Amino acid sequence: MNWRLMLWSGLGLAAVFLVLAAGWIVSLPPATAAAAAQPVPKEEADATIAALKPPKRQRPVVAVIAVNDGTETTDYLMPYGILRRADVAEVVALATSPGPVTLYPALKVEPQATIIDFDARYPEGADYVIVPAMHRDDDPAALEWIRSQAAKGAIVIGVCAGAKVVAAAGLLDDRRATTHWYYLDQLRERHPAIRHVPDRRLVVDRGVATTTGISASMPMSLTLIEAIAGREKAEQVARELGLGDWDARHDSGAFRFTRPFALTAIANTLAFWNRETLGIELSPGMDEVSLALVADAWSRTYRSRAVTFAADGGARPSRNGIRIVPDEVTARWTAERLPETILNSRPARALDETLAAIGDRYRTRTADFVAMQLEYPRRAAP
């Protein structure tokens, strides 16, 4: 009798859970078609460039900080790779502690210095500090170092959910700011003094800049190049990246938690028996920006993850000098590999082609699901 009672009670609770879950899903908004984002007025664009001018040196120093146990892949590698490609600044990839940095959702790298090393080399501080999204927003070493750099006059740039870290350092109160759509409510709740600015991929206010989602690292980096070295140089780098144009315009209303987003996350999570591991063979000179975008996107499908491999455990230097540590050591990869043609593409093209490949493999809804996580306005693949 007790067994039957427990069974029926369990079934009843499951039924209630399913009804509540169904009600929650139905309450979510449907997918919203992206509207054409309105151009940024010239006066505002000029003011952004002026606000990002190098505060100290003619050839500025840019520090990209990470915490070793979890920093967002593209937030860390894209600004580093683009700014190093432009060769308009001294760019250093840092970590709070010695040892490799585990990036999420994919890749592992060797930082070029610790924050202590950096302070010894540049006691007057950086010109720019780029703060990616981190696994935790309250790492004491990271927060103290970011505060100290701001006090020395550095412009602090919170990329994507890195805005939460910048806010935790106390640098966003009473400032205009933005962040990744998924974390906006959380940021407002924890820091009500922040003034959110919608429909902008990049917002600058009194020495602190913030951006929207992960893919905003590209226009942010190009805007920074323009502020340092002029429009012509930024346009040259944009062409090398595969971008025809860029600015701060954005349709914030197109990025939110929707019914299709939730259903895709649930469906792909439940398909656990059909999960795939896709290999990326590391080779010296790989473009770290394309690598980051490809590995990041494939690792966000909830159906697959990208791992790197090499014949030995030695780190491989990227195109712009950051060393990438293989996830697995093997001379033969028996599972499927991600094609080198995409990995060798220009970064903007690599992302578009990757989203198209994800759509072909797991249906368009999964490609849209990944693009939503990246806060990326999708373009048709060339």
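Here are two short exercises on the strands of this structure, with solutions worked out in steps.

Keep in mind that the model is predicted: local features need pLDDT of at least 70, side-chain atom pairs count only at pLDDT 80 or more, and totals for chains, interfaces and linings use all residues. Residues are numbered from 1 along each chain as its sequence is written, and side-chain values use heavy atoms, leaving out hydrogens and water.

**Exercise 1.** Work out which strands stand at the edges of the open sheet of 5 strands.

*Solution.*
- Start with the terms: strands (E, at least two residues) and helices (H or I, at least four) are DSSP runs numbered from the N terminus, and two strands pair if DSSP finds at least two bridges between them.
- Next, write down the order, β2-β4-β5-β16-β15, where the pairing is mixed.
- The edges are β2 (71-72) and β15 (316-317); each has a single partner strand, so one side of each has no neighbour in the sheet.
- Now look inside the order: β4 (residues 101-104) pairs with β5 (residues 108-110) in the antiparallel sense over 2 bridges, with Val 101 opposite Val 109.

**Exercise 2.** Find the partners of strand β8 (residues 155-158) and say whether its faces are covered or not.

*Solution.*
- On β7 (residues 128-131), 4 bridges lead to β8, and the two run parallel; here Val 131 faces Gly 158.
- Strand β12 (residues 208-211) also pairs with β8 in the parallel sense, over 3 bridges, and Gly 158 stands opposite Thr 210.
- Finally, check the faces: Ile 155 and Ile 157 on one side, and Val 156 and Gly 158 on the other, are all buried (under 20% relative accessible area, 1.4 Å probe, protein chains only), so both faces are covered.

Terms used
Buried means under 20% relative accessible area, exposed over 50%, partly exposed in between (1.4 Å probe, protein chains only).
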